[in-house]
Amino acid sequence: MGALDHISDLFDCSGGTSKHKHRKQLQTVEVKVKMDCEGCERKVRRAVEGMKGVDKVDIERKASKVTVVGYVEPNKVVARIAHRTGKRAEIWPYVPYDVVDHPYAQGTYDKKAPSGYVRNTYDNNQYSGSHLARASSTEVRYTTAFSDENPAACSVM
């Protein structure tokens, strides 16, 4: 405990029974909010920047994504955006395409997801994923030999 903490505890007038305050951890909160124009973006930014503990706000309007860095709670950020802007807000439900074992499985693929992302179903426990088998290295080698993304890699021609 530092000297300033000790001095502030001596002059603490809060009257609470706990000696030490519970400090929030630095978090990165990602929220999905539909934004159509610069006005919507500005409204969301002002709603979040006014919160206590917010250090940085990044907005990706095209992806409908708001990233908040600071000493905040995720549920409070979502509630603040929804209340102040009147827009529907939710915790970012997508993960990068590479992280998921089977990105085209039922419940994972989402047409509304931004490019390079799929819906995160492991947190929601919609399916366990254990009933889907991983592709072996032989299968991966054969499927990548005929990839549309790299037509020059075709080993047959």
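Q: Let's start with Val 69: is it buried or exposed, or something in between?
A: In this predicted model, Val 69 comes out as partly exposed, because its relative accessible area is 21% and the buried class is reserved for values under 20%.

Q: Where does Val 69 sit, and which residues is it in contact with?
A: Val 69 belongs to strand E3, and once its neighbours within four places in sequence are left aside, it is in contact with Leu 26, Gln 27 and Thr 28 as well as with Val 54, Asp 55 and Lys 56.

Q: And what separates the C-alpha atoms of Val 69 and Glu 30?
A: Those two residues are 39 residues apart along the chain, and in the model 8.8 Å lies between the C-alpha atoms of Val 69 and Glu 30.

Q: Staying in E3, what about Thr 67, buried or exposed?
A: Thr 67, which also lies in strand E3, counts as buried because its relative accessibility is 12%, and the limit for that class is under 20%.

Q: Which residues does Thr 67 touch?
A: Not counting residues up to four places away in sequence, Thr 67 touches Thr 28, Val 29 and Glu 30, and also Lys 56, Val 57 and Asp 58.

Q: Which residue has a positive phi although it is not a glycine?
A: That is Ser 64, whose phi is about 55°; Ser 64 is placed in the loop between strand E2 (54-60) and strand E3 (65-70).

Q: Is that loop serine buried or exposed?
A: Ser 64 is buried, since its relative accessible area is 15% and anything under 20% falls in that class.

Q: Stepping back, how many helices and strands are there in the protein chain?
A: There are four helices and six strands, and read along the sequence they follow the pattern α-β-α-β-β-α-β-β-β-α.

Q: What share of the protein chain counts as buried, and what share of its contacts comes from residues 24 or more positions apart?
A: The protein chain has 157 residues, of which 28% count as buried; among its contacts with a separation of 6 or more, 51% are between residues 24 or more positions apart.

Q: Now the helices: at what angle do H2 and H3 pack?
A: Helix H2 (residues 38-49) packs against helix H3 (residues 74-85) at an angle of about 130°, and their axes are 9 Å apart.

Q: What do you call that arrangement, and which way is the crossing handed?
A: H2 and H3 are oblique to each other, because an angle of about 130° is above the 65 to 115 range for roughly perpendicular and not over 145, where roughly antiparallel begins; the crossing of the two helices is right-handed.

Q: Which residues meet there, and what classes are they?
A: From H2 come Lys 43, Val 44, Ala 47 and Val 48, which meet Arg 80, Ile 81, Arg 84 and Thr 85 of H3; by class, this contact has four nonpolar, three charged and one polar residues.

Q: Tell me about Thr 85 then: buried or exposed, and what does it touch?
A: Thr 85, in helix H3, is buried, as its relative accessible area is 10%, and when residues up to four places away in sequence are not counted, Thr 85 touches Lys 43, Val 44 and Ala 47.

Q: Which backbone atoms lie within reach of the Thr 85 side chain?
A: A polar atom of the Thr 85 side chain lies 2.4 Å from the backbone oxygen of Ile 81, and the side chain of Thr 85 also reaches the backbone nitrogen of Lys 87, at 3.2 Å.

Note on methods
Residues are numbered from 1 along each chain as its sequence is written. This is a predicted model: local features need pLDDT of at least 70, side-chain atom pairs count only at pLDDT 80 or more; totals for chains, interfaces and linings use all residues. Side-chain values use heavy atoms; hydrogens and water are left out. Axes are lines fitted to C-alpha atoms, for helices over the stretch in contact, and angles run from 0 to 180 degrees between N-to-C directions. Angles under 35 degrees count as roughly parallel, over 145 as roughly antiparallel, 65 to 115 as roughly perpendicular and the rest as oblique. A crossing is left-handed if the near helix is turned anticlockwise from the far one by less than a right angle, and right-handed if clockwise. Contact means heavy atoms within 4.5 Å. Ala, Val, Leu, Ile, Met, Phe, Trp, Tyr, Cys and Pro count as nonpolar, Asp, Glu, Lys and Arg as charged, and the others, Gly among them, as polar. Buried means under 20% relative accessible area, exposed over 50%, partly exposed in between (1.4 Å probe, protein chains only). A polar contact is a pair of N or O atoms within 3.5 Å; within protein, one must be able to donate a hydrogen and the other to accept it, and residues adjacent in sequence count only if both atoms are side-chain atoms.
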